[in-house]
Amino acid sequence: MTAQQDPLSPPPAEPPTTAPEPIPVPDATAVSTTEPVAEPTPSQTAPAVEAPPVASLEKPATADQAAAQVGPDARASVEPAPVQPPADQVPPTPAAPEGLPTPAPLPTAAALLAAGDVQTAAGMDVVAPEPTPAPPKDRRVLRAVARWVATVGVFALAGVGTAYGVVGMERTDVPGLATESDGRWAYPEISRPPVPTGGSTDSHLADVRRLLLPAPAGATEDKGLRGADGWLATKDFLAIYSEADDREEAAQVLTDNGLRHIAARGWTTEDGTRTGIYLLQFDTAPTATGVCSEFNDGISPAYDTRGADSWDFDDGFPTDAAIEGIDRHVYDEVKPYGAEHLRQAYLCAGDVVAVIVQARKGSAAAVPFQQTVVLQSQLLS
């Protein structure tokens, strides 16, 4: 146990503290810059009291302050050493995450020059790669290429020739492309005859005999319709009507309107279809128009044609086949047919009235009839 201090006894005496004596500093004003100062003798010099180093009394703030306290010769010895943290406080170096790709090596100057990056490669030592000598050409390869080119050229010429042959053929001559015929006839090339000048625009100045449609290919012409000098007699034309009364009335209409002449042509095709075309010419177009209205009542012919007793307007005739300047009336025989099926048309074209009759045993096809009517209308237009 610790002895307690007696409060009545006097406190122990503290040892005397001896303060260091200050070092005498000579007065700067008393020192002359011209006269040397006399060194004191040992007897005159006061005993020096060694002072503790300043560095041990207080810690300098900086290295410069410490050097100033100890003098310029010790400045290098007081430079602070780098502070090293304890080993247990050094943070570990982070490891590279797994799965990340390894950085690619930096490209060389030669690679940069090859890529066109001249600025980056300017500061690097460039070693240009030596050019690789081209391999010698193999003559066998050249010959093989030449043979292939020649072969391709031959096939190309053969293909062009085949294409030209196919294009130049008619559609019906190419196997697999033949189209079934719609029954139309093969007419020769048709052209209008030259027309003299100075006549009326609604009158045919050309010889109407030259305005007759020619017979199609393979047809047999009916020479009985040629008449004398190409003009058909009126009684031969009137023979197409079946009733005697109709023939007499029609003859009177023609006489009263000043019929000039009749040009006719007929033929029989290989399928047995008989065709007759009659061109009746008058002095003027109004006269011909009046005669045309006498032979048609707008629904059916005014006079029955031989071989048919009942007629109906042909609604199946294409309306887009109309010819400008031609007034057309087309009729079809009403069933039941007689010995033949008849089709009939009246064309009013200026000063000419055209009568077209087509008949065939069994049934007369519509396409050849329409073709014949349209072509004859074009010649009269």
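User: How many disulfides does this predicted model have, and what makes the pair of cysteine 292 and cysteine 348 a disulfide?

Analyst: The count comes to 1 disulfide. The cut-off is sulfur atoms within 2.5 Å, and cysteine 292 and cysteine 348 sit at 1.7 Å, S to S, so the pair qualifies.

User: Why is the disulfide of cysteine 292 and cysteine 348 called left-handed?

Analyst: Because the torsion about its S-S bond is about -60°. Cysteine 292 is in helix 8 and cysteine 348 in strand 6, so the link ties together parts 56 residues apart in sequence. Both cysteines are buried, too.

User: What makes arginine 260 and aspartate 283 a salt bridge?

Analyst: Their closest N and O atoms are 3.9 Å apart, and the limit is 4 Å, so the pair counts. Arginine 260 is in the loop between helix 7 and strand 2, while aspartate 283 is in the loop between strand 3 and helix 8.

User: Why is aspartate 283 called exposed, and arginine 260 partly exposed?

Analyst: Exposed means over 50% relative accessible area. Aspartate 283 has 53%, so exposed fits. Arginine 260 has 45%, which lies between the 20% and 50% limits, so that one is partly exposed.

User: What makes aspartate 332 and arginine 343 a salt bridge, and are they buried or exposed?

Analyst: N to O is 3.7 Å, and anything within 4 Å passes, so yes, a salt bridge. Both aspartate 332 and arginine 343 are buried. Shared partners also join Asp314, Asp332 and Arg343 into one network.

Terms used:
Residues numbered from 1 in each chain as written. Predicted model: local features only at pLDDT ≥ 70, side-chain atom pairs only at ≥ 80, totals over all residues. Heavy atoms only, no water. Helix = DSSP H or I, 4+ residues; strand = E, 2+ residues; numbered from the N terminus. Buried < 20%, exposed > 50% of the residue type's maximum accessible area, 1.4 Å probe, protein only. Salt bridge = Lys/Arg side-chain N within 4 Å of Asp/Glu carboxyl O.
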